[in-house]
Amino acid sequence: MSKKDKEQKHFENNNMKKEENCCGKCHKNDKHECHCHEKCENCSCSKPECEKEIDKIQNLTAQVEEWQNKYLRAYADAENSKRRSEIDAKNLVDYKVSNFARDMLPLFDNLSLAIASIKDSVDENVLTGLKAVMSNFETSLNRNGITKIETIGKDFDPALHRVVSQIESDAKPDSIIQEFQSGWKLGDKVIREAMVATAKPKK
């Protein structure tokens, strides 16, 4: 056997050994890299070892995704619970304020009636003092979100007003021309409807 033939045979034997040690997923690109990112001539891994590492990576990836999903669900539940707690707390405060207002409004009504009935028969200073008390009373209610429902000159709104009388008038039909009892609301929630009279066309 010539020297050249011996070298060729030696080269082929080396290549066979390299292929035996290769994991079987080589030649992915022109650089002939194994999936373990080693060139074929340097690759010493075996197929079972590579598959074991791949399985480990896949398992870890699955665990990361599972914990990520659990975190997202837990975060969403926590945010929902927080919003529900805030809504419940606000509703509780509104409920207590509404009850307080319902207890206090009769006092406001009585004070209004007292001022209306004595305005021509008492000292001006007394009347001025009563009006100041009434103004402070209304300011305190407003400060707690309790506001008076507008009536005179407004169109009748069944959600805000209760009609107890209709009076012939030149005013726009169904517009409010008289208030018998003030109405109040907390934010957009009606605590008490206003008792009013509306206009109707003259005969």
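This report describes the overall fold of a predicted model, then its third helix, its aromatic cluster and three individual residues.

**Overall architecture**

The protein contains three helices and six strands. Along the sequence these elements follow the pattern α-α-α-β-β-β-β-β-β. Of its 203 residues, 19% count as buried. The exposed surface of the protein amounts to about 15100 Å², and carbon and sulfur atoms supply 52% of that area. Among contacts between residues at least 6 apart in sequence, 52% join residues that are at least 24 apart.

**Helix 3**

Helix 3 covers residues 124-143, which makes 20 residues. From its first C-alpha to its last it reaches 28 Å, close to the 28 Å expected at 1.5 Å a residue. Its buried residues are Leu 127, Met 134, Phe 137 and Leu 141. These residues lie on the same side of helix 3, because they cover an arc of only 80° around the axis. On the other side of helix 3, the exposed residues are Glu 124, Asn 125, Asn 136 and Arg 143.

Both ends of this helix show local features. At its start, a side-chain oxygen of Asp 123 comes to within 2.8 Å of the backbone nitrogen of Asn 125. Just after helix 3, Gly 145 adopts a positive phi of about 85°.

**The aromatic cluster**

A search of the whole structure finds three aromatic pairs. Two of the pairs share Phe 108 and are set out below.

| Pair | Distance between ring centres | Angle between planes | Arrangement |
|---|---|---|---|
| Phe 108 and Phe 137 | 5.6 Å | 80° | edge-to-face |
| Phe 108 and Trp 184 | 5.1 Å | 85° | edge-to-face |

Phe 108 lies in helix 2 (residues 47-118) and Phe 137 in helix 3, so this pair ties together parts that are 29 residues apart in sequence. Trp 184 belongs to strand 4 (residues 184-186), and its pairing with Phe 108 of helix 2 therefore ties together parts that are 76 residues apart in sequence. Ring pairs thus link Phe 108, Phe 137 and Trp 184 into a cluster.

Each member of the cluster is buried, although the values vary. Phe 108 has a relative accessible area of 1%, and Trp 184 has one of 0%. Phe 137 has a relative accessibility of 16% and counts as buried because the cut-off is under 20%. Phe 137 is also one of the buried residues of helix 3, and through its ring pair with Phe 108 it connects that helix to helix 2.

**Asp 109**

Asp 109 is also found in helix 2. At 15% relative accessibility, this acidic residue counts as buried. Its side chain is joined to that of Arg 192 by a polar contact of 2.7 Å. Leaving aside neighbours within four places in sequence, Asp 109 is in contact with Gln 181, Ser 182 and Arg 192.

**His 161**

His 161 is found in strand 2 (residues 161-168). With a relative accessible area of 4%, His 161 is buried. Its side chain reaches the backbone oxygen of Glu 150 at 3.1 Å. When neighbours within four places in sequence are left aside, the residues in contact with His 161 are Ile 149, Glu 150, Thr 151, Asp 155, Phe 156, Ile 176, Glu 193, Ala 194 and Val 196. Glu 150 therefore appears both as a contact of His 161 and as the residue whose backbone oxygen its side chain reaches.

**Asp 174**

Asp 174 is found in the loop between strand 2 and strand 3 (176-181). Its phi is near 70°, a positive value in a residue other than glycine. Most residues other than glycine have a negative phi. At 43% relative accessibility, Asp 174 counts as partly exposed, whereas Asp 109 in helix 2 is buried at 15%.

Technical notes
Residues numbered from 1 in each chain as written. Heavy atoms only, no water. Helix = DSSP H or I, 4+ residues; strand = E, 2+ residues; numbered from the N terminus. Expected span 1.5 Å × (residues − 1). Buried < 20%, exposed > 50% of the residue type's maximum accessible area, 1.4 Å probe, protein only. Arc of directions from axis to C-beta. Polar contact = N/O pair within 3.5 Å; in protein donor to acceptor, adjacent residues only side chain to side chain. Contact = heavy atoms within 4.5 Å. Areas by Shrake-Rupley, 256 points an atom, 1.4 Å probe, with all protein chains shown as cover. Phe/Tyr/Trp six-rings, centres within 6.5 Å; stacked < 30°, edge-to-face > 60°.
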